[in-house]
Amino acid sequence: MNWILLIIAGLFEVGFAFSLGKAKELTGNASFMWYGSFIVCLTISMILLVKSTQHLPIGTAYAVWTGIGAVGTVLLGIFYFQEPATFWRIFFITTLIISIIGLKVVS
């Protein structure tokens, strides 16, 4: 159950990064909505991270949480914000995913 909470926390980390990206694109009241989304996602992500670290090693949990956030944010950048999908970006994201899986296996 704690791993599921950690994965959900990582997805909310992607949510707060996405919210910042959207807020950057907009002005006025629309940007405030996305900043509000950022605060909500950040709060949920932190609460779930704290709950999961009560039963998982902090180093592993934090690495997995940031890894999910990093991978998800890069993928959103590529697919939604039209950032470049170069060979090296894909290579290093793949390396990061393999490392996250490795941390899960050895924990």
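**Group meeting: a pocket and two salt bridges**

Okay, let me start with one residue: Glu-83 is partly exposed, with a relative accessible area of 34%. Keep that residue in mind, since we'll meet Glu-83 again at a salt bridge and at the largest pocket.

Before that, a word on what you're looking at. This is a predicted model. The protein chain has an average pLDDT of 93, and 100% of the residues come in at 70 or above. Where is confidence lowest, and where is it highest? The low end is helix H4, residues 87–106, with a mean of 90, and the high end is helix H2, residues 29–53, at 96.

Right, back to Glu-83. Its salt-bridge partner is Arg-89, and the closest N and O atoms sit 3.3 Å apart. Arg-89 is partly exposed as well, with a relative accessible area of 26%. As a general point, side chains with opposite charges can pair when their charged atoms come close.

So how many salt bridges does the structure hold? Two. The other one joins the side chains of Lys-22 and Glu-25, at 3.5 Å from N to O. Both of these residues belong to helix H1, and because they are three residues apart there, about one helical turn separates them. Is Lys-22 buried or exposed? With 13% relative accessibility, Lys-22 counts as buried, since the cut-off for buried is under 20%. Glu-25, its partner, is partly exposed at 48%.

Now for the pocket. Rolling a probe the size of a water molecule over the atoms shows where empty space is left. Here the largest pocket has a volume of about 170 Å³. Its lining is made up of 13 residues, and those nearest the centre are Gly-21, Thr-73, Gly-77, Phe-81 and, yes, Glu-83. Two elements give two or more residues to that lining: helix H1 (2–25) and helix H3 (58–79). Which one gives the most? That's H1, with six residues. If you sort the lining by class, you get six nonpolar, three polar and four charged residues.

One last stop, also in helix H1: Ile-4. This residue is partly exposed, with a relative accessible area of 48%. Compare its position with that of Cys-41: the two are 37 residues apart along the chain, and their C-alpha atoms are separated by 17 Å.

If you want one place to begin in the viewer, go with Glu-83, which pairs with Arg-89 and lies among the residues nearest the centre of the largest pocket. Thanks, everyone!

Methods:
Residues numbered from 1 in each chain as written. Predicted model: local features only at pLDDT ≥ 70, side-chain atom pairs only at ≥ 80, totals over all residues. Heavy atoms only, no water. pLDDT = per-residue confidence, 0-100. Helix = DSSP H or I, 4+ residues; strand = E, 2+ residues; numbered from the N terminus. 1 Å grid on protein atoms, 1.4 Å probe; cavity = no way out; pocket = protein on both sides within 12 Å on 5 of 7 lines; lining within 4 Å. Points joined across faces, edges and corners; volume = space filled by probe spheres on them. Nonpolar A, V, L, I, M, F, W, Y, C, P; charged D, E, K, R; others polar. Buried < 20%, exposed > 50% of the residue type's maximum accessible area, 1.4 Å probe, protein only. Salt bridge = Lys/Arg side-chain N within 4 Å of Asp/Glu carboxyl O.
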